[in-house]
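Hi,

Here is the structure I promised to pass on. Have a look at it first, then read my notes below.

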Amino acid sequence: MSTILSQPVDLSDSGEQPRPQESRKRLLLVSYHFPPVGGAGVQRPVKFVKYLKQFGWDVSVLMAANPSVPVFDNSLLVDIPEGTHLEKARTWEPDYKLKKNMAQKQEEAQKVSLSGSLKSSCKKVVKAGAGMLLQPDAQILWYPNALKAGKRLLKRVPHDAILATAPPYSNLILASKLKKIFHLPLISDFRDEWDLSSKYLENHQRDRISDLIQTSLQKKVMRHSDAIVATTKASTQRLLDRAEQFGASPVGQCIYNGYDPDDFDTPHETSSTYTPESGRKFRIVYTGTLWNLTTIEPLVRAIEAVHQSQPAILKHLELQVIGRKTPEQREILDRLNQTDCTLICEDYCAHHEALKKMAAADALCLLLSDVEGADRVAPAKLFEYLAIQREILSITPAGETAGILQDFWPEGNFRASETDKLAHWLVNRLSGQTVSPMPHPEKRDQFQREHQAGQLAELLNQLVHHRI
């Protein structure tokens, strides 16, 4: 199933001169998730596609025709340049709603069944067996049809390189196979480290056999990769170390996530300056998933601490939480119902709507749990927060995210254990303390998506030149 997207994109302000047709190259991007699929993970591949064209690279995208995903966002389609080739392959996965209903029924059944019953034991065995087969993830059910589609496309249209972005890590398995068949340079782009995802992702199979399978698959990907790209310097180094353990020596490149200035061309409504007498609440906004790697409990604890010392002041606080939440995180948020804080919870909204909510905030909340490996993570939303130029309240471990924020909003940078300091920050803001503007806003330019696409194009050019 092939389509050529004819959505025009204005590149007149890019400053790039058109390149001679004969000098252009073509990249195959393997990405199960691609617009109209929504979510934070889609932003990176779609922005690469949008801006690589300026650097002499046209892109074909191998994507799922019927992705089993929770959200869609048609607004992201405007970022796909005219002439982009979309090669679609169907997955054998069940529809996402069906998967969600099955998971809910299983969870309900586990609550009512006796843990030692034969029926419960059989269900656990069946679930474990299914998880063992779906390695490295459920999207492996896309692999057979996607491999056929990828082979047809590469035979029909000359390409110069392959890039696969993950998770899901099945993208990397697929791209490795295509690289082996067609001998094209392969870049493996890790939005999240494989080992960290295996450790923290919900419903991930955690047993010795699964670990062995995952390690074997990761080893195969590393050995086939000509370059490894990751979203922080620390993750890049960790992945290169992992590759070395597997006897591989790919090139390494850190390309951060970022923000697209085009997304902020339309002026967004902003709130008036907050004061206790202004008649409105001090609004903290969090966008994104709440789960075990981004727990909101430290902020809830700080609000509870303020409730113990100055309960009346919380009538000035509004906390907006936009995005998916695990049941455990919902229970944590429910504790705020015992305070005078106003809590607004919404599920996923379109990207442009999320930007509006960010712009209307007094402070933007960034969360990373204090767990092993989180010091190497920089959430994608961080860079759009920086573009909005609202104060950032960050609760993260010491590491790469905290280091980046030190240049922009050092006063609102806390560790999860610093409940008293967090509570003090809340009291100061709710009391109307004046906040200084962001220092050194020009430092944000390094995180523009166009700049990052240029980094990727340079790496691609090096790999293609080396191959020649």
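Let's start with a puzzle: is Asp79 buried or exposed? Keep in mind while you look that this is a predicted model. Asp79 counts as buried, because its relative accessibility is 7% and the cut-off for buried is under 20%.

**Charged pairs**

Asp79 has a partner: its side chain meets that of Lys50 in a salt bridge, at 3.4 Å from N to O. Lys50 sits in helix α1 (residues 40-52), while Asp79 is in the loop between β3 (57-64) and β4 (85-89), so the pair ties together parts that are 29 residues apart in sequence. Lys50 counts as buried too, at 5% relative accessibility. Side chains of opposite charge can pair when their charged atoms come close. Both residues also belong to a salt-bridge network, which links Lys47, Lys50, Asp79, Asp260, Asp262 and Asp263.

How many salt bridges does a search of the whole structure find? The answer is 25. Here are two others to click on.

- Arg335 and Glu304 meet through their side chains at 3.0 Å, N to O. This pair links distant parts of the chain, with Arg335 in the loop between α10 and β11 (342-346) and Glu304 in helix α9, 31 residues apart. Arg335 is partly exposed, with a relative accessible area of 27%, and Glu304 is partly exposed as well, at 25%.
- Glu411 and Arg429 form a salt bridge at 3.8 Å, N to O. Glu411 lies in the loop between α13 (400-405) and β14 (413-414) and Arg429 in helix α14, so this pair ties together parts 18 residues apart in sequence. The two ends have contrasting surroundings: Glu411 is exposed, with a relative accessible area of 58%, whereas Arg429 is buried, at 4%.

**Helix α9 and the core**

Glu304 brings us to its helix. α9 covers residues 297-309, which makes 13 residues, and it reaches 18 Å from its first C-alpha to its last. That is close to the 18 Å expected at 1.5 Å a residue. Which residues of α9 are buried? They are Pro298, Leu299, Val300, Ala302, Ile303 and Val306. Among the elements covering them are β10 (317-322), α10 (327-334), β12 (363-367), β13 (391-395) and α14 (419-430).

Two of those buried residues turn up again in the nonpolar core. In soluble globular proteins, nonpolar side chains tend to be buried together. The largest nonpolar core here has 61 residues, and those with the most contacts inside it are Ile284, Ile296, Leu299, Ile303, Leu319 and Leu386. A second, separate core has 40 residues, including Val30, Tyr143, Leu178 and Leu217.

Try selecting Ile284 and looking at what surrounds it. Leaving out residues up to four places away in sequence, Ile284 touches Leu317, Glu318, Leu319, Gln320, Ala363, Cys365, Leu393, Trp425 and Leu426.

**Aromatic rings**

How many aromatic pairs are there? The count comes to eight. In one of them, Tyr274 and Phe282 are edge-to-face, 5.5 Å centre to centre with 75° between the planes. Tyr274 counts as buried at 7% relative accessibility, and Phe282 does at 5%.

Phe282 forms another pair, with Trp425, which is also edge-to-face: 6.2 Å centre to centre and 75° between the planes. Phe282 lies in strand β9 (residues 282-287) and Trp425 in helix α14, so the pair ties together parts that are 143 residues apart in sequence. Trp425 is buried, as is Phe282.

There is also an aromatic cluster made of Tyr256, Phe383 and Phe447.

**Helix α12**

Phe383 from that cluster is one of the buried residues of α12. How many residues of α12 (residues 381-388) are buried? Eight of its eight are. The list includes charged side chains' owners Lys381 and Glu384 alongside Leu382, Tyr385 and Leu386. What covers α12's buried residues includes β9, α11 (351-359), β12, β13 and α13. Just after the helix, Gln389 takes a positive phi of about 65°.

Have a click around, and write back with whatever puzzles you.

Cheers

Conventions. Residues are numbered from 1 along each chain as its sequence is written. This is a predicted model: local features need pLDDT of at least 70, side-chain atom pairs count only at pLDDT 80 or more; totals for chains, interfaces and linings use all residues. Side-chain values use heavy atoms; hydrogens and water are left out. Helices (H or I, at least four residues) and strands (E, at least two) are DSSP runs, numbered from the N terminus. The expected span of a helix is 1.5 Å times one less than its number of residues. Buried means under 20% relative accessible area, exposed over 50%, partly exposed in between (1.4 Å probe, protein chains only). Contact means heavy atoms within 4.5 Å. A nonpolar core is a set of buried Ala, Val, Leu, Ile, Met, Phe, Trp, Tyr and Cys residues joined through side-chain atoms within 4.5 Å. A salt bridge is a side-chain nitrogen of Lys or Arg within 4 Å of a carboxyl oxygen of Asp or Glu. Rings of Phe, Tyr and Trp (its six-membered ring) pair if their centres lie within 6.5 Å; planes under 30 degrees apart count as stacked, over 60 as edge-to-face and the rest as tilted.
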